[in-house]
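Hi there,

Here is the structure I promised to pass on. Have a look at it first, and then read on for what turned up.

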Amino acid sequence: MEAISNVHRSLQYDELQSPVSTLLNIFSRISKDVDRALNQQSSYNQRLALKAVVDRLDAQLQNLTRTSNKYAPRFYPIAQSWREIIVNYVEELAKATELRQEIDSPYIIGVPLTLEQEIFSGRNDIGTRIEQLILDRRRPPLLLYGQRRMGKTSLLNNLGKLLPNSIIPLFIDLQGAPSSASNHAGFLYNLARGMITSAKKQSALTLPSLTREDLEKDPFTCFDEWLDKVEEALQDNTALLSLDEFEVLDSAISKGRFDQQDVLGMLRHLIQHRPKFKILIAGSHTIEEYQRWASYLINVQVVHISYLKEDEARQLIECPVKDFTLGYEPDAVERVLQLTRCHPFLVQLLCGEIVALKNEQDPSVRRLATLADVEAAVPEALSHGSLFFADIQNNQVDAAGLAILRFLAAQGEGAVVTINTILQQLPNVSESAFELLLQRELIEEVGEGYRFQVELIRRWFIQ
Ligand SMILES: Nc1ncnc2c1ncn2[C@@H]1O[C@H](COP(=O)(O)OP(=O)(O)OP(=O)(O)O)[C@@H](O)[C@H]1O
Ligand SMILES: [Mg+2]
């Protein structure tokens, strides 16, 4: 398995002018998928991801028997033996978990949820809102705005499930290839490639191809012509082009890697003159923070993504997947809800720790989580989630904000403190510091005072 997972690092086939490169590409992709699967933390998620790989291999095996590629007979047995190795490994994993009588943890912490993952919960309300805005005749661009780790990328990956079939979601992660490209041709090439891959995956729709060579001469014109062909391929459907991690593109433009007018002009043209396309940008900046975009993204509509609904979070706790074997005492569930405020990442983090903790206990008490278990999992969650919490502390608040958070945290769970008390204690803090904390959804106003929005985050700040 390890060898399979490493193959993609050394396989070079891009430059080969031979039909063999198509086949090598298949193996490289499978290898990448296996690599990703083995990096999943829990045995459950490894198995889930590997089963998907086996399905893909099955499809490829079928193709290999039908294709006229002369190298197919040479590679067929290799694909077959990869399949066997992976299937055996999945079985071994399942047996080992069963033998140890462990609770299979389905929780996924920190990486965006993909389409295959059953644990994606809720968000129907956001799907409905996006759908309505897409139907809006003024065709406003959309901004999916939410705090870090609130589930923006997971939502975009799963939009296909939430929207009607006539809307084709095209998902582009700007953190990946597009913004690291060295010139406009590279950028547009990666953009097109992302759209093609996404259409195939989410909607089984084949978009016309576009090569780098085509783009070199006159990138923007060529891209525009390609979009004409894409519109034809879309027939009566609408494409929703989602650009995730928008701040990465923003900073690439700041650094002068791309020309602001060219790139943003292209987006604006798309918004205004291509009715079959809708644009959605996602990121953790507010629209005010995207200043340079204001004149390009006219009438932008904000879709706010925040905490899960209570019933959605309950499901994530008690029934994250079918056949989940851990039960909760009622007050234990309530406590998870209170501690996390239904923040999707924090629910997964804490519940993942609860499962880990239960697995260390005697099998006779293993299947029921109590209030004491939930409390015992909190320090573990703070420690394993430290990247998330430290990001708040280091990147999202300034010194004054930090002082306010520390002071509030020290007042205890749920404490509401008036602004005057805080200003008396912290003479260097101005009222504007509160604005930032409110905007970051870290604190909220209650009557005359403020308190933490999420108890787990407060716990971090008393440490
Ligand atoms: N709908 C959901 N159901 C269950 N869990 C979710 C859901 N959305 C997000 N999560 C959890 O939150 C984590 C973070 O999700 P995701 O990466 O999509 O957030 P994000 O807003 O894109 O984060 P970032 O700001 O870092 O880009 C996931 O790993 C998963 O544990
Ligand atoms: Mg994201």
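Let's begin with Gln453, which sits in the loop that runs from strand E10 (449-452) to helix H21 (455-462). One thing to keep in mind throughout is that this is a predicted model.

Is Gln453 buried or exposed? Its relative accessible area is 14%, and the cut-off for buried is under 20%, so Gln453 counts as buried. If you leave out the neighbours within four places in sequence, the residues in contact with Gln453 are Tyr307, Arg341, Glu441, Leu442, Ile443 and Glu444. With Ile443 there is a polar contact too: a polar atom of the Gln453 side chain is 3.2 Å from the backbone oxygen of Ile443.

Arg341, one of those partners of Gln453, comes just after helix H14 and has a positive phi of about 50°. H14 itself spans residues 330-340, and its buried residues are Ala332, Val333, Arg335, Val336, Leu337, Leu339 and Thr340. What lies over them? The cover for these buried residues includes helix H13 (310-318), strand E6 (327-328), H15, strand E7 (368-369), helix H16 (371-384) and H21.

Zooming out a bit, the domain assignment splits the protein into domain 1 (2-99), domain 2 (124-304), domain 3 (310-384) and domain 4 (393-462). Between the C-alpha centres of domain 3 and domain 4 the distance is 27 Å. Nine residues from domain 3 and nine residues from domain 4 take part in the contact.

Now for the ligand. How many residues surround ligand 1? There are 23, and the closest are Ile108, Val111, Arg148, Arg149 and Ser154. By type, the shell is made up of eleven nonpolar, seven polar and five charged residues. Helix H6 (152-162) and helix H15 (344-360) each put at least two residues into the shell. That is the H15 you met above as part of the cover over H14.

Where does ligand 1 lie relative to the domains? Both domain 2 (124-304) and domain 3 (310-384) contribute residues to its shell, so ligand 1 lies between them.

A few polar contacts to ligand 1 are worth pulling up on screen:

- Arg148 has a polar side-chain atom 2.7 Å from an oxygen atom of ligand 1.
- Ser121 uses its backbone, with an N or O atom 2.8 Å from a nitrogen atom of ligand 1.
- Glu245 has a side-chain N or O atom 3.2 Å from an oxygen atom of ligand 1.

On its own, ligand 1 has 640 Å² of accessible area, and the protein covers 98% of that.

Two other residues to click on. Ala49 is in helix H3 (residues 43-66). Its relative accessibility is 22%, and since buried means under 20% and exposed over 50%, Ala49 counts as partly exposed. From Leu38 it is eleven residues away in sequence, and the two C-alpha atoms are 8.5 Å apart.

Glu225 is in helix H10 (residues 219-234). At 46% relative accessibility, Glu225 is partly exposed as well. Glu225 and Tyr450 are 225 residues apart in sequence, with 54 Å from C-alpha to C-alpha.

That's the tour. Shout if anything is unclear.

Cheers

Methods. Residues are numbered from 1 along each chain as its sequence is written. Chains are lettered from A and ligands numbered from 1 in the order in which they are written. This is a predicted model: local features need pLDDT of at least 70, side-chain atom pairs count only at pLDDT 80 or more; totals for chains, interfaces and linings use all residues. Side-chain values use heavy atoms; hydrogens and water are left out. A residue is near a molecule or strand if one of its heavy atoms lies within 4 Å of it. A polar contact is a pair of N or O atoms within 3.5 Å; within protein, one must be able to donate a hydrogen and the other to accept it, and residues adjacent in sequence count only if both atoms are side-chain atoms. Accessible areas come from the Shrake-Rupley method with a 1.4 Å probe; for residues, only the protein chains shown count as cover. Helices (H or I, at least four residues) and strands (E, at least two) are DSSP runs, numbered from the N terminus. Ala, Val, Leu, Ile, Met, Phe, Trp, Tyr, Cys and Pro count as nonpolar, Asp, Glu, Lys and Arg as charged, and the others, Gly among them, as polar. Domain bounds come from an automatic or database domain assignment. Buried means under 20% relative accessible area, exposed over 50%, partly exposed in between (1.4 Å probe, protein chains only). Contact means heavy atoms within 4.5 Å.
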